[in-house]
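This note is addressed to a colleague who is meeting the structure for the first time. It is set out as numbered points, to be read beside the sequence and the model.

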Amino acid sequence: MVRVILPQHLRTLAKVEGDVSLEVVGPVTQGAVLDALEARYPVLRGTIRDHTSKRRRPFIRFFACEEDFSHEPADAVLPDAVATGKEALLIVGAMAGG
């Protein structure tokens with residue numbers, strides 16, 4: 001079971017509280033986790049990554065085990081701690097400024 005922590009505005013949109021637990025079949029990659037997230041919460045389609053290219057949106061970042069995985073390929077395997085649910089995959093809205 002993979003745990004995902006969403007930013008508040010996406011939790012509100014998906015109507016969830018706290019972490020989201022997802023069952024990911026096969027290797028646990030960013031793409032597989034996002035596929036499972038979008039399948040379970042269709043309202044999130046297009047908010048984290050583009051519909052057609054499947055590339056992440058510019059102000060969205062991915063963190064796992066205190067490392068930035070935002071620029072890793074979508075098919076790169078995430079750490080075992082994330083795959084087992086020991087650590088969560090954090091999806092962060094990286095907006096700054098005022």
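The points below take up the core, the salt bridges, the surface charges and some local features of the backbone.

1. The model is a predicted one. The features discussed here should be read with that in mind.

2. The largest nonpolar core comprises 26 residues. Within this core, Leu 6, Val 33, Leu 37, Ile 48, Phe 62 and Ile 91 touch the most other members. At least two core residues come from each of β1 (2-5), α1 (8-14), β2 (20-22), α2 (30-40), β3 (60-64) and β5. Helix α2 provides the largest share, with 5 residues.

3. How many salt bridges does a search of the whole structure find? The search finds 5. The pairs described in the next points are among them.

4. Glu 38 and Arg 49 form a salt bridge in which the closest N and O atoms are 2.9 Å apart. Glu 38 belongs to helix α2, while Arg 49 lies in the loop between α2 and β3, so this pair ties together parts that are 11 residues apart in sequence. Are the two partners buried or exposed? Arg 49 counts as buried because its relative accessibility is 4%, under the 20% limit. Glu 38 is likewise buried, at 7% relative accessibility. Together with Asp 35, these two residues are linked in a network of salt bridges.

5. A salt bridge also joins the side chains of Asp 50 and Arg 57, with an N to O distance of 3.8 Å. Asp 50 has a relative accessible area of 24% and is therefore partly exposed. Arg 57 is also classed as partly exposed, at 28% relative accessibility.

6. Arg 61 and Asp 68 form a further salt bridge, and their closest N and O atoms are 2.2 Å apart. Asp 68 has a relative accessible area of 32%, so this residue counts as partly exposed.

7. Which residues form a negative surface patch? The patch consists of Glu 66, Glu 67, Glu 72 and Glu 87. Of these residues, Glu 87 sits in the loop between α3 (80-83) and β5 (88-93). Glu 87 is partly exposed, at 35% relative accessibility.

8. Glu 66, a member of that patch, also merits attention for its backbone. Its place is in the loop between β3 and β4 (67-68). Phi of Glu 66 is near 65°, a positive value in a residue other than glycine. Most residues other than glycine have a negative phi. With a relative accessible area of 83%, Glu 66 is exposed.

9. Lys 15 is another residue other than glycine with a positive phi, here near 60°. Lys 15 is placed in the loop between α1 and β2. The residue is exposed because its relative accessible area, 75%, is over 50%.

10. Asp 75 is located in the loop between β4 and α3. Its relative accessible area of 62% makes Asp 75 exposed. Along the chain, Asp 75 and Leu 90 are 15 residues apart, and a distance of 17 Å separates their C-alpha atoms.

Definitions and conventions: Residues numbered from 1 in each chain as written. Predicted model: local features only at pLDDT ≥ 70, side-chain atom pairs only at ≥ 80, totals over all residues. Heavy atoms only, no water. Patch = residues over 30% accessible without salt bridge, like charges linked within 9 Å, V, L, I, M, F, W, Y side chains within 5 Å. Areas by Shrake-Rupley, 256 points an atom, 1.4 Å probe, with all protein chains shown as cover. Salt bridge = Lys/Arg side-chain N within 4 Å of Asp/Glu carboxyl O. Lys, Arg positive; Asp, Glu negative; His and termini not counted. Charge placed at Lys NZ, Arg CZ, Asp CG, Glu CD. Helix = DSSP H or I, 4+ residues; strand = E, 2+ residues; numbered from the N terminus. Buried < 20%, exposed > 50% of the residue type's maximum accessible area, 1.4 Å probe, protein only. Core = buried A, V, L, I, M, F, W, Y, C linked by side-chain atoms within 4.5 Å.
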